[in-house]
Every structure is written in C-alpha cells, then in structure tokens.
Amino acid sequence: MATEEWYRATFDYESAETTDLPFPEGAVIRVVATIDQDWRRGVLGDKEGIFPLSFVQPCDPPSSGVGRALKAIPALGAKANDYIQLTGRVKGVYQAAHNGKEGSVTPSDIEVVTSLPPLAQATFEYEAQAEEDLAFPGGALIPLLRQVDADWYEGFYNGNTGIFPATFVKIITSFKDANPCTSLPSTRASAVPAVGKPSKPGPSRGSRTASLAP
C-alpha cells in the first residue's frame with residue numbers, strides 16, 4: 001500500500017465529469033492514488049474521483065473529519081449549516097461530536113468538507129526504537145497513512161511521520177471504513193468540459209491516459 005497524501009483546496013473545483021471530484025475552496029481531501037504528475041484520485045466523504053493539483057496544496061493529515069449539517073441534527077444539538085466534528089466511521093455510519101454532545105450521523109445528513117482519515121488511537125506509549133519509528137504517548141490519535149504489513153502501520157503525529165507496531169494502537173476508523181460507500185465508473189467520457197476557474201486553469205486533459213485503478 002502506498003503512503004497516502006492530503007491536500008487542501010485553494011480554489012473551488014467544478015466539473016461535469018462523473019469521474020471527477022468536485023470540491024469547495026478549503027476542503028481537505030484524502031488522496032488514494034496518483035494518476036500522473038498533475039492529477040490525483042481523492043476521497044471526500046462518499047465522493048471519489050480525480051482532480052488537478054493546480055487547485056490544491058499539500059497539507060498534513062487531519063486527526064478528524066469535518067461535516068456541514070444539511071439539516072438540524074437534534075442528537076448533536078446541531079442546526080442546519082453548523083459544522084460538526086467527525087470522529088470515526090463504522091459500516092458507513094459516522095461517529096460525530098458537536099457542542100459537547102456525541103452521536104451517530106448518516107452520510108445523507110452532512111456534506112463532508114474535511115475527509116475522515118483512517119485513524120488509530122494509542123493504547124500505550126510508544127518510544128521510537130529506530131530513526132524511521134513514530135513516537136507517541138498513550139491516548140494519542142494517529143492518522144494512518146498506510147499499513148506496512150500485518151504488524152506495522154505508518155502514521156502521522158505531532159508533525160512527524162513514521163512507522164509503529166500495530167500492537168500499540170486500536171483502530172478507530174479502518175482504511176476500508178474511510179473509503180466511500182459508493183463506487184464510480186472507471187472510465188471517462190470522451191467529451192471534456194472546460195475546467196471551472198478561468199484564472200486557475202488545470203493541466204491539459206487531452207494527453208492524459210493513466211488508468212484510474214489504484
């Protein structure tokens with residue numbers, strides 16, 4: 001599994017292509033595949049698609065997701081358009097927090113603006129044993145970047161990236177649960193619309209032949 005990348009949108013990206021990933025300015029996107037030097041395949045909530053790097057800039061992985069409520073969510077005391085913290089996801093249902101309240105949220109109730117990372121929580125303190133290790137205290141929330149093998153993960157904590165033993169953490173959101181619950185077509189239509197944002201054009205699409213398969 002390749003190490004995941006994260007990007008923050010510096011512009012709105014709009015597209016009529018069914019295999020593209022539209023997003024608003026400020027959205028935080030989890031990348032799951034590299035298409036070529038100009039394009040990535042990313043995830044934002046239950047949306048997955050490709051987008052040009054000219055509309056984003058690299059950022060650190062978040063320790064939780066963020067969603068905008070599309071309607072009132074009484075269990076969280078949230079009103080429509082309130083932003084709520086997404087703390088985990090199991091079998092398609094989000095665990096969320098808002099104003100000191102916690103509860104479950106269905107994807108249809110929110111618009112995800114910061115993608116939920118695969119996430120682990122430290123059950124013990126881990127002290128680095130080698131230069132490539134990631135040290136963390138007990139209780140730390142660690143965004144996961146990849147599973148190295150059955151016994152080791154790579155993650156991010158306190159500005160650092162490194163690997164650590166799986167026996168020192170419990171998984172809050174697995175890689176599978178962090179992925180969309182819907183799938184998109186794997187081929188693109190031949191007609192390519194203009195990229196929305198004339199002052200920030202994306203790279204040419206005509207010569208792009210890379211597969212969308214991860």
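Strands are DSSP runs of E with at least two residues and helices are runs of H or I with at least four, both numbered from the N terminus. What you have open is a predicted model, in which local features need a pLDDT of at least 70 and side-chain atom pairs count only at pLDDT 80 or more, while totals for chains, interfaces and linings use all residues. Residues are numbered from 1 along each chain as its sequence is written, and side-chain values use heavy atoms, with hydrogens and water left out.

Begin by colouring by pLDDT, the predictor's confidence in each residue on a scale from 0 to 100. The protein averages 85, and 83% of the residues score at least 70. Among the elements, strand β5 (residues 56–58) has the highest mean, 97, and helix α1 (residues 175–178) the lowest, 88.

Next select residues 183–201, where pLDDT stays under 50 and the model has 36 contacts (heavy atoms within 4.5 Å) beyond four places in sequence. Residues 204–214 also stay under 50, with 26 contacts of that kind. Where pLDDT is low, the predicted coordinates should not be read in detail.

Now select strand β6 (residues 65–69), whose covered face consists of G65, G67 and A69, whereas V66 and R68 form the uncovered one. In a regular strand the side chains alternate between the two faces of the sheet. Add strand β7 (residues 83–90), which runs antiparallel to β6 and is joined to it by four bridges; two strands count as paired if DSSP finds at least two bridges between them. Within β7, Q85 is the bridge partner of V66. Then add strand β10 (residues 110–114), which pairs with β6 in the antiparallel sense, again over four bridges, and in which I110 stands opposite A69.

Move on to two loops. N99 lies between β8 (93–98) and β9 (101–105), and its phi is near 50°, a positive value in a residue other than glycine. N99 counts as exposed because its relative accessibility is 64%, the classes being buried under 20%, exposed over 50% and partly exposed in between, with a 1.4 Å probe and protein chains only. N158 sits in the loop between β13 (152–157) and β14 (160–165); its phi is near 55°, also positive in a residue other than glycine, and at 65% relative accessibility N158 is exposed.

Finally, select V43, G45, R89, Y94, S115, L116, D177 and A178, which line the largest cavity. A cavity is a set of points, on a 1 Å grid over the protein atoms alone, where a 1.4 Å probe fits but cannot get out, and lining residues have an atom within 4 Å of a point. The volume of this cavity is about 40 Å³.

Methods. 1 Å grid on protein atoms, 1.4 Å probe; cavity = no way out; pocket = protein on both sides within 12 Å on 5 of 7 lines; lining within 4 Å. Points joined across faces, edges and corners; volume = space filled by probe spheres on them.
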